[in-house]
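Me: I'd like to go through this one by asking why things get the labels they do. Set the values against the cut-offs for me, please.

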Amino acid sequence: MIGFSPRAQRAIVEEAHKRGMAVDAHSSSPEGLRLSVLAGIDVIQHPEIVTGEITDEVIDLIVERDVVCAMLTNWMTGEAWQRTLERHPERQKSEETSEQEAGRQQREKTSAELRRERRARDYGHGRRNAQKLIAAGCITAIGTDTWLGNAPEFSRTPMPDYQKPGIGSIIAIEGLVELGMTPMQAIVAATRNGALAAKKLAEFGTLEVGKSADILMFDADPLADISNIRQLNQVIRDGRVVDLGALPYERIFSKPDRN
């Protein structure tokens with residue numbers, strides 16, 4: 001699907017750039033992706049999740065133009081990928097047959113559950129596209145698509161960690177390594193490249209004089225094993241050590257009651 005003509009896309013990009021703004025695209029097809037890159041976009045949200053495999057021509061174009069690729073790696077690696085493999089049609093059919101033989105009635109799935117399953121099935125070629133983009137040396141950031149979640153009545157199972165804010169970003173970094181990056185490249189993707197995608201690299205994203213930064217210290221070396229980013233020991237924010245035991249002490253997703 002192509003939502004805007006090449007001419008309209010170029011106009012959007014030109015006007016945004018005049019105002020010092022970055023332009024993101026969320027293309028759903030390889031051809032739509034190619035046209036948006038030619039229009040001069042700065043960031044692609046989930047370039048790997050398109051209907052089909054990305055051609056070498058488009059990958060070369062992305063690399064040549066330094067377009068940032070914000071990848072959905074927390075949804076297609078680790079636990080999430082294992083869940084996808086477990087939903088292989090042959091295994092699913094076997095499980096349904098076993099349940100019917102046991103006399104257990106199958107409940108109809110909710111629309112939220114069906115949507116989640118359809119999305120999971122798309123991640124096979126998404127993994128391959130992500131691996132190709134990483135191997136080609138594209139500028140990679142993480143685009144996690146994490147949120148507070150559907151209302152509980154829309155799903156019978158708890159939200160998995162890879163869909164949650166915070167831990168979803170950690171899983172996305174680990175996923176980059178699973179898909180071919182070194183631990184240092186994955187950390188840079190989530191820090192420096194994230195700031196680059198937001199056009200804020202002059203303000204944060206790297207540890208440099210004059211920049212704003214939170215400093216994280218670990219009990220083990222993440223360069224030796226990327227999973228060590230879970231071994232958090234200390235955080236320094238605005239020059240002060242954060243009391244991790246007191247968290248959370250600031251509201252992020254909610255407002256106080258006005259009673």
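Me: How much area does the protein chain expose, and what share of it do carbon and sulfur atoms supply?

Reply: The protein chain exposes about 15,900 Å², and carbon and sulfur atoms supply 51% of that. Accessible areas come from the Shrake-Rupley method with a 1.4 Å probe, and for residues only the protein chains shown count as cover. Before we go on: this is a predicted model, where local features need pLDDT of at least 70, side-chain atom pairs count only at pLDDT 80 or more, and totals for chains, interfaces and linings use all residues. Residues are numbered from 1 along each chain as its sequence is written, and side-chain values use heavy atoms, with hydrogens and water left out.

Me: What is the average pLDDT of the protein chain, and where does pLDDT stay under 50?

Reply: pLDDT is the predictor's confidence in each residue, from 0 to 100. The protein chain averages 85, and 80% of the residues score at least 70. Residues 90–105 are where pLDDT stays under 50, and the model has five contacts for them beyond four places in sequence. A contact means heavy atoms within 4.5 Å.

Me: How many helices and strands are there?

Reply: The protein chain has 10 helices and seven strands. These are DSSP runs numbered from the N terminus: helices are H or I with at least four residues, strands are E with at least two.

Me: What makes β2 and β3 a pair?

Reply: Two strands pair if DSSP finds at least two bridges between them. β2 (residues 43–45) and β3 (residues 68–71) have three bridges in the parallel sense, so they pass that cut-off of at least two. V43 stands opposite V68, and I44 has C69 as its bridge partner. Both strands belong to an open sheet of four strands in the order β1-β2-β3-β4, with parallel pairing. The edge strands there are β1 (24–25) and β4, each pairing on one side only.

Me: Which way do the β3 residues point, and are they buried or exposed?

Reply: V68 and A70 point one way from β3, C69 and M71 the other way, and all are buried. Buried means under 20% relative accessible area, exposed means over 50%, and partly exposed is in between (1.4 Å probe, protein chains only). Buried residues make up 34% of the 259 residues in the protein chain.

Me: Why are β5 and β7 called edge strands?

Reply: Three strands form an open antiparallel sheet in the order β5-β6-β7. β5 (215–218) and β7 (240–241) each have a single partner strand, so one side of each is left without a neighbour in the sheet. β5 pairs with β6 (residues 232–237) over four bridges, and I215 stands opposite I236.

Me: How do you know that R128 and E53 form a salt bridge?

Reply: A salt bridge is a side-chain nitrogen of Lys or Arg within 4 Å of a carboxyl oxygen of Asp or Glu. R128 and E53 come in at 2.9 Å, N to O, so the pair fits the definition of within 4 Å. R128 is in helix α7 (residues 123–136) and E53 in the loop between β2 and α3 (56–64), 75 residues apart. R128 has a relative accessible area of 41% and is partly exposed; E53, at 39%, is partly exposed as well.

Me: What about K132 and D56: what is the N to O distance, and what does the pair tie together?

Reply: The N to O distance is 3.9 Å, a salt bridge. K132 lies in helix α7 and D56 in helix α3, so the pair ties together parts that are 76 residues apart in sequence. K132 is partly exposed at 28% relative accessibility, whereas D56 counts as exposed at 52%. A search of the whole structure finds 12 salt bridges, including one between D161 and K164 at 3.3 Å.

Me: What makes the phi of D238 worth a remark?

Reply: Most residues other than glycine have a negative phi. D238 is not glycine, yet its phi is positive, near 55°. D238 lies in the loop between β6 and β7 and is exposed, with a relative accessible area of 62%. D145 also has a positive phi, about 50°, and is partly exposed at 31%.
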